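Please look through the model below before reading these comments. They are written for someone new to reading structures.

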Amino acid sequence: MPRPAHAPVRPPEDDLLRWAALGCLLAPAVLLWRGVPFLTAAGVACGLAAVAAASRMLIRRSRRLAALPRPRSLDAGPRSRRVGAPPHARARAPRDAVDSPAG
């Protein structure tokens, strides 16, 4: 069903985080229903909540970093080469077979 034009657009990670919260509640409930000890179910709930919180933090951080303008790389332009060096020049001379440890 399409959303009305006046409805605010939610970020897509909100749905992911809602499913994570549901999993944090549902998994321990199922474990308790199956007869697992309470402390084990509580540990599972805490572990899932920690994973969901870390995921939320990483998602929000990546969204924030993606919104920042990217700095121009310092070594991407023509100034990255040494002055006066031809474009095909290597940074060092090739080694002789005599100077190599295997030779």
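The points below go from the whole chain to its helices, its cysteines and a few single residues.

1. Overall make-up. This is a predicted model. The protein chain has two helices and zero strands. Of its 103 residues, 8% count as buried. The accessible surface of the protein chain comes to about 9,500 Å², and carbon and sulfur atoms hold 64% of that area. Among the contacts in the protein chain with a separation of 6 or more, 47% are between residues 24 or more positions apart.

2. Helix 1. This helix covers residues 13-33. Its 21 residues should span 30 Å at 1.5 Å a residue, and the end C-alpha atoms are indeed 30 Å apart, so the length agrees with the expected value. After helix 1 comes Gly 35, which has a positive phi, near 100°.

3. Helix 2. Residues 38-67 make up this helix, 30 residues in total. From the first C-alpha to the last, helix 2 reaches 43 Å, close to the 44 Å expected at 1.5 Å a residue.

4. How the helices meet. Which residues of helix 1 are buried? They are Glu 13, Asp 14, Leu 17, Cys 24 and Pro 28, and they pack against helix 2. On the other side, the buried residues of helix 2 are Ala 41, Ala 52 and Ile 59, and these pack against helix 1. A student should note that the buried set of helix 1 includes Glu 13 and Asp 14.

5. The cysteines. How many disulfides does a search of the whole structure find? The search finds zero. Cys 24 is in no disulfide, and the nearest cysteine sulfur, that of Cys 46, is 9.5 Å away. Cys 46 is likewise in no disulfide, with the sulfur of Cys 24 as its nearest. The pair does not qualify because a disulfide needs the two sulfur atoms within 2.5 Å. Is each of these residues buried or exposed? Cys 24 is buried, with a relative accessible area of 14%, since buried means under 20%. Cys 46 has a relative accessibility of 54% and counts as exposed, because the cut-off for exposed is over 50%.

6. Leu 48. This residue lies in helix 2. Its relative accessible area is 34%, so Leu 48 is partly exposed. Setting aside neighbours within four places in sequence, Leu 48 is in contact with Gly 23, Cys 24 and Ala 27. The C-alpha atoms of Leu 48 and Ala 21 are separated by 8.6 Å, although the two residues are 27 positions apart along the chain.

7. Leu 39. Helix 2 also holds Leu 39. With a relative accessible area of 70%, Leu 39 is exposed. Between the C-alpha atoms of Leu 39 and Pro 28 the separation is 9.9 Å, and the two are 11 residues apart along the chain.

8. A nonpolar surface patch. Which residues form the nonpolar patch on the surface? The patch consists of Trp 19, Leu 22, Leu 26, Val 30 and Trp 33, and together they have about 620 Å² of accessible area. Trp 33 is found in helix 1. The relative accessible area of Trp 33 is 69%, so this residue is exposed.

Conventions:
Residues are numbered from 1 along each chain as its sequence is written. This is a predicted model: local features need pLDDT of at least 70, side-chain atom pairs count only at pLDDT 80 or more; totals for chains, interfaces and linings use all residues. Side-chain values use heavy atoms; hydrogens and water are left out. Patches are made of residues with over 30% relative accessible area and no salt bridge: like charges are joined within 9 Å, nonpolar side chains (Val, Leu, Ile, Met, Phe, Trp, Tyr) within 5 Å. Accessible areas come from the Shrake-Rupley method with a 1.4 Å probe; for residues, only the protein chains shown count as cover. A salt bridge is a side-chain nitrogen of Lys or Arg within 4 Å of a carboxyl oxygen of Asp or Glu. Helices (H or I, at least four residues) and strands (E, at least two) are DSSP runs, numbered from the N terminus. Buried means under 20% relative accessible area, exposed over 50%, partly exposed in between (1.4 Å probe, protein chains only). Contact means heavy atoms within 4.5 Å. The expected span of a helix is 1.5 Å times one less than its number of residues.
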